[in-house]
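Let's take a walk through this one together. Have the sequence and the 3D view open side by side as you read.

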Amino acid sequence: MIFRALVIAAYGFLLAPAIFVVAIAFSSDRFLTFPPPGLSLRWFATLFEHEQMMAAMQRSAILAAIVTTLSLAIGVPAAYAIARLRFPGRGAIFAALTAPLLLPTLVVGLGILLVFFPYGLAGTWPGLALAHLAVTLPLVVRIMTTAFATLPPDLEDAAATLGATPLKVAFRITLPLALPGLIAAAALSFLISFDEVVISLFIVGPRLSTLPVEMYRYVEGHTDPMVAALAVVLILLSISVVLLVERLVGFTRTVSK
Amino acid sequence: MARLALEGLTKAYGTAPPAVDGLTLEAEEGEFLALLGPSGCGKTTTLRMVAGLVPADRGRIRLGEEDITAAPVHTRGIGLVFQSYALFPHMDAVGNIGFGLEMQGVPKAERQARVAEALRLTRLEGLGHRRPRELSGGQQQRVALARAIAIRPRLLLLDECLSNLDAKLREEMRGEIRDIQRASATTALFVTHDQTEALSICDTVAVMHRGRIEQRGTPEEIYERPATRFVASFIGRMNAIDGPAPVMTREGPLGAGETAMVRPHRVRLLREGAAAEGDNAASGTVRRITYIGDIVQVQAATPLGPLAAEVSGASPLWRGLDVGAPVGLAWSSSDTLRFPA
């Protein structure tokens with residue numbers, strides 16, 4: 001009974017900000033007031049007509065797709081090599097690839113800016129994609145290394161004895177069996193890139209900025225509930241990705257594995 | 001369906017003594033050869049080298065006329081039944097069995113026919129559309145076997161593949177594996193630490209110890225005429241008497257620095273007062289009586305050291321015998337082997 005109450009309290013604490021945001025998003029007032037004096041959808045209408053915000057959302061979606069593709073393309077083979085092959089420097093490579101997970105993003109962002117600026121990468125698409133990779137790649141490597149390490153190596157050996165070339169083994173045995181991990185890694189990469197604000201703040205330029213950065217800038221200058229409406233849209237997007245993954249493989253299983 | 005020849009095969013892991021040390025062994029076409037040895041003797045490493053899963057440091061592997069020492073795994077055409085079965089969990093039995101044929105590019109119609117044949121041979125009809133986790137241990141083991149033979153391998157390798165089954169099923173599968181191997185006339189190498197398995201299903205047994213072959217022979221030769229002390233003590237139960245002692249062996253009297261060995265079931269148990277028969281005898285006191293069902297083992301302390309005799313469980317000889325009772329033991333010199341200690 002006490003445990004139940006604790007769980008409810010913990011959920012309440014975690015969800016409270018979202019509840020406030022959702023309530024304000026449907027406000028009819030021009031300011032961020034709680035409780036809202038009346039209900040309306042006017043801020044959603046404002047949001048969808050706000051060209052700058054909509055363009056930023058599109059850019060962020062494209063960027064997240066690129067970052068996810070690159071993270072998987074680089075991270076999956078790297079994770080496979082780390083999990084399966086024995087080569088000198090294996091531990092060091094794993095440590096180097098996953099270390100950014102332990103650093104404060106502020107430090108990573110500043111470091112990236114210092115390195116990127118002289119090369120003219122700041123404020124560019126490649127610059128933003130590379131910066132986001134610094135966060136998503138370690139995550140993909142981490143998830144996929146675990147996913148590959150838990151596959152019994154006998155299965156791949158068996159496929160090879162049955163005449164499968166190494167490429168066939170990868171596409172018919174290894175990757176299908178690592179699919180839950182792959183989907184989880186892709187979903188998390190996408191959400192993190194789409195949501196990333198701290199590092200992006202260092203890298204974005206006047207003409208190229210992402211949705212979270214636009215949001216951040218907007219709340220600096222405005223006090224209307226449009227941002228809350230946008231937050232609701234983002235929450236729905238995150239929930240649908242999680243539900244999709246859950247539907248496909250069982251999110252709880254893949255992330256906790 | 002080819003002759004297998006291993007010549008001076010060697011594999012060392014790190015700086016430890018080689019796991020496989022200059023091993024030379026042959027299996028004739030269609031022969032069912034057991035590689036028998038205690039765990040850690042290098043038998044699994046040998047099998048993995050033959051399959052191509054572990055590279056050999058030195059030596060040659062020949063299959064038929066071909067030298068396959070350096071051939072990539074997927075080109076060898078060797079069927080391997082893993083101890084873990086290694087069934088693909090995301091495919092049903094048909095998918096598992098057909099996988100090798102698909103890799104070989106066998107057309108779909110022929111593939112289906114051959115999968116059906118493999119299912120029939122392994123008595124799995126009707127279970128083709130089950131996933132591995134929906135099959136029992138024995139059925140999984142059959143799918144693994146069917147998958148390995150479906151590719152019509154030049155050589156079939158079996159890696160301790162019965163050890164995960166319970167005793168009764170294991171006995172049943174032994175017979176089935178033997179029948180399937182014989183029907184397809186496939187050369188087969190069966191790696192096991194279980195001597196009963198090796199002796200009961202294989203044409204030939206090679207006993208392996210410390211990375212080398214100690215003796216290769218028919219099950220009867222291995223059991224009746226072990227070539228080394230290791231083989232004698234590893235196969236079956238053995239009494240060992242260290243010389244010098246007043247014991248006659250097949251090869252003459254037991255001298256210093258030698259060990260005489262005799263199987264407990266060749267030692268007769270004599271109750272007090274009975275006349276000794278045979279040319280070797282000892283008297284002692286009963287230390288332990290172990291009832292195994294069809295046989296009873298009586299262990300006695302004698303001046304020659306501890307000796308065991310086995311009698312039929314139905315025999316009246318052991319009835320009423322208690323620990324501490326005086327007994328006589330007698331055995332023939334023709335059943336007594338002699339080895340340098």
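What follows starts with chain B, moves to one of its strands, and ends where the chains meet.

Keep in mind that this is a predicted model. Chain B has 341 residues, and 51% of them are buried. Lay chain B along its principal axes and its C-alpha atoms fill a box of roughly 80 × 45 × 35 Å. By count, you'll find eight helices and 20 strands in there. Now look at how chain B contacts itself: taking contacts with a separation of 6 or more, 66% are between residues 24 or more positions apart.

For a closer look, pick out strand β1 of chain B, residues 4-11. Is β1(B) mostly covered or mostly open? Mostly covered: six of its eight residues are buried. β1(B) also has strands to pair with. One of them is β2(B), residues 20-27, which runs antiparallel to β1(B) and is joined to it by five bridges. To find that pairing on screen, go to Lys11(B) and look for its bridge partner in β2(B), Val20(B). Strand β4 of chain B, residues 58-63, pairs with β1(B) as well, again in the antiparallel sense and over five bridges. Here your landmark is Ala5(B), which stands opposite Arg62(B) of β4(B).

Now swing the view round to where chain A and chain B touch. On the chain A side 17 residues are in contact, and on the chain B side 20. How much area is buried between them? It comes to about 1,700 Å², with carbon and sulfur atoms giving 69% of it. Within chain A, the residues that lose the most area to chain B are Thr161(A), Leu162(A) and Arg172(A), which together make up 40% of what that side buries.

Arg172(A) deserves a second look, as its side chain meets that of Glu102(B) in a salt bridge, with N to O at 2.7 Å. The count of salt bridges between the two chains is two, and four residue pairs are in polar contact, both residues at pLDDT 80 or more.

Which helices of chain A supply at least two residues each to the side that touches chain B? They are α7 (153-161) and α8 (166-177). The largest share, seven residues, comes from α7(A). Sort that side of chain A by class and you get ten nonpolar, three polar and four charged residues.

Key:
Residues numbered from 1 in each chain as written. Chains lettered and ligands numbered in written order. Predicted model: local features only at pLDDT ≥ 70, side-chain atom pairs only at ≥ 80, totals over all residues. Heavy atoms only, no water. Contact = heavy atoms within 4.5 Å. Buried area = accessible area lost by both parts, 1.4 Å probe. Salt bridge = Lys/Arg side-chain N within 4 Å of Asp/Glu carboxyl O. Polar contact = N/O pair within 3.5 Å; in protein donor to acceptor, adjacent residues only side chain to side chain. Helix = DSSP H or I, 4+ residues; strand = E, 2+ residues; numbered from the N terminus. Nonpolar A, V, L, I, M, F, W, Y, C, P; charged D, E, K, R; others polar. Buried < 20%, exposed > 50% of the residue type's maximum accessible area, 1.4 Å probe, protein only. Pairing = 2+ DSSP bridges.
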